[in-house]
Amino acid sequence: MHFDTIIKNGTVVTASDTFQSDVGIRDGKIVALAASLDGADEIIDASGLYVMPGGIDSHVHLAQPSGDGIVMADDFASGTLSAAFGGNTTVLTFCMQEKGTTLRESLKAYHAKAEGECYIDVSFHLVVTDPTSYVLGQELPALVEDGYTSLKVFMTYENLRLRDDQILDTLDSARQSGALVMVHCENEDAIRYLIGKHEQNGELAPKFHALSRPAAAEREATHRALSLAEIVGTPIVIVHVSNRQAMEEIERARKRGSKVAGETCPQYLLLTADDLDAAELEGAKFVCSPPPRDKESQVACWEGLQSGTFELFSSDHCPFRYDDESGKLNEKGKRHFRWIPNGIPGVETRLPILFSEGVSKGRIDINRFVALSSTNHAKQYGLYPQKGTIAIGSDADIALWDPQKQVTITNDILHHGADYTPYDGLDVRGWPVRVLLRGKTIVDGPSSTGTLGQGAYLKRKRSS
């Protein structure tokens, strides 16, 4: 058998196995795994490297409407390039339904932004903000059949959140259609109450963003979301969990028999609320929701990654420029934390952080890394086994990792559109040194060899 490419001498790692094997690739697929393969147009020597499935980041915001005068720092071109340099070959981004529009109208506009602009593969989650009877009764079932098999609802942000009765209607439509529902869990009424209290006291600096969104507001909303899903009988994903209280709600729901997945993110492993109290307005760099918590919460989130409370480790990449009037330091944001755009960049640093802090420091093993970084995302969102594993018949989406490569994270080595990274100065050990999308190298060391438009849109199955 002749191959387009053979990856030789590497250590293949999947979510369940680690073994020495060559990998044979033809027509964009993995077609052979054997101790020794020969006969290829291209030979890649992976001696001393891990050969792992390309990362899948299932929680990424790109080119998303963000309010009057506010511009997200990454479009599809810069965001997918940044993701590729971080060892990823697929990202799942959010198509936001703006109130007064249909889901199909929103999808048409969002597809237009992505068309021909992606370095890696993409797929969309639907964000439901206006759950009319037409949207839930007609559009959503048809869109699920078309491969848009996941959606998201918000319990916070006044212009996005749904009431409990609207959440129930949306969950019920999803259950009937076989769609998976992601939920952003924070109690908006409690947050608005606390914002009012801080305003009365003139407490408007970035640190009060964290104080206005306490863990109790996340815990209560998590409990409520799980209860609503239990009433309807719909599987859900609780996204970007930041603390032990919310984790315990997930664990209790599972003991009751609910089907629920948990997700956490790098910011909850490395940042704390104290970062928002940095001098001047530097704290604005760390404003995201839910906010980072404290050291104990970091320990809890690591426990969740180790125990299985969290199946998913995502970036929640939501980038804005810092020193920019259309970003964090817009005129209103300088005066009041509530106008600082919520979100931080992280799609390129997600996997190096998890590898270094997790694998290199002995918190998780390499197989758990693959599960959290790729395989579980593919299974959860209907892409497995096309994506998320090294197996015959799977797409040849592969990341070669040097487990000993040491890098200091600074913004000038990253490829996103933001002008800062919240992880500036962090030393990591373990880095992706070559990335292949469907058998074609798109990242080779510090260089991009990919082509804009090479990434494809992925229709997805219902989750497994």
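Q: Which word describes how α3 and α4 are set to each other: parallel, antiparallel, perpendicular or oblique?
A: In this predicted model, helix α3 (residues 133-145) and helix α4 (residues 164-177) pack at an angle of about 40 degrees, with their axes 10 Å apart. Angles under 35 degrees count as roughly parallel and those from 65 to 115 as roughly perpendicular. The angle between α3 and α4 belongs to neither range, and the two helices are therefore oblique.

Q: Is the crossing of α3 and α4 left-handed or right-handed, and how many residues of their contact are charged?
A: The crossing of these two helices is right-handed. On the α3 side the contact is made by Leu-136, Leu-140, Pro-141 and Val-144, while α4 contributes Asp-169, Thr-170, Ser-173, Ala-174 and Ser-177. These residues divide into five nonpolar and three polar, and the number that are charged is one.

Q: Which strands stand at the edges of the sheet?
A: The open sheet is formed by four strands in the order β5-β4-β1-β6, and the pairing within the sheet is mixed. A strand at either end of that order has a single partner strand, so one of its sides is left without a neighbour in the sheet, and the strands in this position are β5 (29-34) and β6 (40-45).

Q: Which residue of β5 does Arg-26 stand opposite?
A: Strand β4 covers residues 22-26 and is joined to β5 by five bridges, the two strands running antiparallel. Within this pairing, the residue of β5 that stands opposite Arg-26 is Lys-29.

Technical notes:
Residues are numbered from 1 along each chain as its sequence is written. This is a predicted model: local features need pLDDT of at least 70, side-chain atom pairs count only at pLDDT 80 or more; totals for chains, interfaces and linings use all residues. Side-chain values use heavy atoms; hydrogens and water are left out. Two strands pair if DSSP finds at least two bridges between them. Axes are lines fitted to C-alpha atoms, for helices over the stretch in contact, and angles run from 0 to 180 degrees between N-to-C directions. Angles under 35 degrees count as roughly parallel, over 145 as roughly antiparallel, 65 to 115 as roughly perpendicular and the rest as oblique. A crossing is left-handed if the near helix is turned anticlockwise from the far one by less than a right angle, and right-handed if clockwise. Contact means heavy atoms within 4.5 Å. Ala, Val, Leu, Ile, Met, Phe, Trp, Tyr, Cys and Pro count as nonpolar, Asp, Glu, Lys and Arg as charged, and the others, Gly among them, as polar.
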